[in-house]
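Trainee: Can we go through some of the wording people use for this model?
Mentor: Sure, pull it up and ask away.

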Amino acid sequence: MSEEVENADEEFEPKIVGLLCNWCSYAGADLAGTSRIQYPPNIRVIRVMCSGSVDPVYINRALLDGADAILIGGCHPGDCHYIDGNYKARRKMALLKNILTTLGMEPDRIWLKWISASEGQEFADTVQEIVEETKKMGPNPMKERWNL
Amino acid sequence: MESLRGVKMIYELKVEEDAPMTVNNFLKELLTEGEVDAVIAMTETPSGKSAFPTMISHPEKLSTNVFAPLLPVSTGTVVSKVTKVKPPKKTLAVVLRSCELRALTELVKLNQADLENIILIGVDCSGTLSMDTYQGQDQDITEAVLKNESEDDLRTACLNCKDPVPKNADLVIGTFGADTDKNLFLDAKTEKGAEIVSALGMDESEGEEVREKAVQDIRDEKEENRKAFIQERSEIEGPDKLLEFFDTCVNCHNCMKVCPVCYCNECIFESSIFDLEGDKYMKKVEGKGAYKTPTDSLLFQLTRFNHMMLSCVGCGLCEQACPSDIPLMDVITGLADNAQELFEYEPGDDPEEELPLVVYREEEFEDVEER
């Protein structure tokens, strides 16, 4: 039985959508690449201008389309290129997670992380962590739903 | 805003014919005495099938029934329409129920309404009926609802009202604690309101304590209702139940259109952003193998929840507008309460308080970063 579960885990490769801010996290991801730091290829990165510009509609859409995890990456608090976009992003994510919790819709698939332009290793570690945690959660059940 | 600037004066309106006529006469006095240049107040339509907020400037055209138990539209939306581009130079008095006032306060925060030269007259709300129920009733329905004799007919939103007593009005017409056959309260909440009543020379009421107790009682009752309702409906949870709940949604967006606090000038779901090339749809279908059309019904609802929940005033217009009779308040009541509790925000409560998503503190919600 435990062997079967392990095998199933091995087969499941989560798909992660990464919404990374132009000024910090995207550059951090870039640094991970140029520094040849190895990280799992499960993440699909989308560059956004600011974590504060990420409307819940984008996250909800990824969730309903079956993304197994979504990473919103922004500048560290105090470092936002637009002064306070990341603080506002945090509020939006708190609300989104609150709503998903009330609805019983797996808020843990959403990750908010602060990764600076110099933190290539931090980016790689974050992706690694998300992949591991998401594998424990299993695939997003919305993947099988056609009647949304 | 209660007792703000030390103003707290309760006056009495003696009921002559009936409660609606008494308020109508009061509004007439406001117009004839030149205190205001026009009013907006609920008025029954000639067919008797409906009632709408109506703008009236000629005293002889006043045939209002501010107690008509119907909410065809939020008067908050109406005030937004009238004042958004530029508020009037002349004085306009508007009669609103508590949920409409809450919505209006939110709209002011959203810069979608301007209260310059507007006098807000709140009215205690005993609840409203669905359009169907209202149409099927005889003429006495106003009185029946006013005297709490039709409680079973009230809309879900009204049974579980957040607060039926108006806040942030200049004047409040009070029925709670009054024998509506004999008298109504007129509560001056601001200097503007006090000026008006003193200009009209009204009698002070001695029923202040009775009213305060009645107000507390009804607030307690509604809060209890609301809690029990949320508890009862908390089982609508998880993808299965949620999809079943929204199964009959036809994606018409009526709920968004009638919502008094849905603030975007153009809704993203009405924009062309989701209009894709045929090939994109073909690629999308490869992902899951099948999808229901029109697409994105649940995405629309989920996103609307995220945009609206902190400002949701609980009017239930969304539920009333649903052509598929989806009991939206079953889900929204609990969602709104949870979200508002998280941000310690009460929509419509304090006009000076900023909307939660436009402000922040440096240290807060750190648990969100944990995961």
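Trainee: What covers the buried residues of helix 2 of chain A?
Mentor: This is a predicted model, to start with. The cover includes strand 1 (16-21), strand 3 (69-74), strand 4 (110-114) and helix 5 (120-137) of chain A.

Trainee: Which residues of helix 2 of chain A are the buried ones?
Mentor: Ser25(A), Gly28(A), Ala29(A) and Ala32(A). Buried means under 20% relative accessible area.

Trainee: What puts them on the same side of helix 2 of chain A?
Mentor: Their arc around the axis is only 100 degrees, so they sit on the same side. In general, an α-helix has 3.6 residues a turn, so residues three or four places apart point the same way.

Trainee: Why is helix 4 of chain A called oblique to helix 14 of chain B?
Mentor: Their packing angle is about 140 degrees, with the axes 10 Å apart. Roughly antiparallel needs an angle over 145, and roughly perpendicular runs from 65 to 115. The angle fits neither class, so the pair counts as oblique. The crossing is right-handed, and the contact includes Leu95(A) and Ile99(A) on one helix and Leu335(B) and Ala339(B) on the other.

Trainee: Which residues have the most contacts inside the largest nonpolar core?
Mentor: Ile59(A), Ile70(A), Ile72(A), Leu103(A) and Phe305(B), in a core of 61 residues. Helix 4 of chain A gives the most to this core, with seven residues.

Trainee: And what does Ile70(A) touch?
Mentor: Leaving out residues up to four places away in sequence, its partners include Val17(A), Leu19(A), Ile59(A) and Trp111(A).

Technical notes
Residues numbered from 1 in each chain as written. Chains lettered and ligands numbered in written order. Predicted model: local features only at pLDDT ≥ 70, side-chain atom pairs only at ≥ 80, totals over all residues. Heavy atoms only, no water. Buried < 20%, exposed > 50% of the residue type's maximum accessible area, 1.4 Å probe, protein only. Helix = DSSP H or I, 4+ residues; strand = E, 2+ residues; numbered from the N terminus. Arc of directions from axis to C-beta. Contact = heavy atoms within 4.5 Å. Core = buried A, V, L, I, M, F, W, Y, C linked by side-chain atoms within 4.5 Å. Axes fitted to C-alpha atoms, helices over the stretch in contact; angles between N-to-C directions. Parallel < 35°, antiparallel > 145°, perpendicular 65-115°, else oblique. Left-handed = near helix turned anticlockwise from the far one by under 90°.
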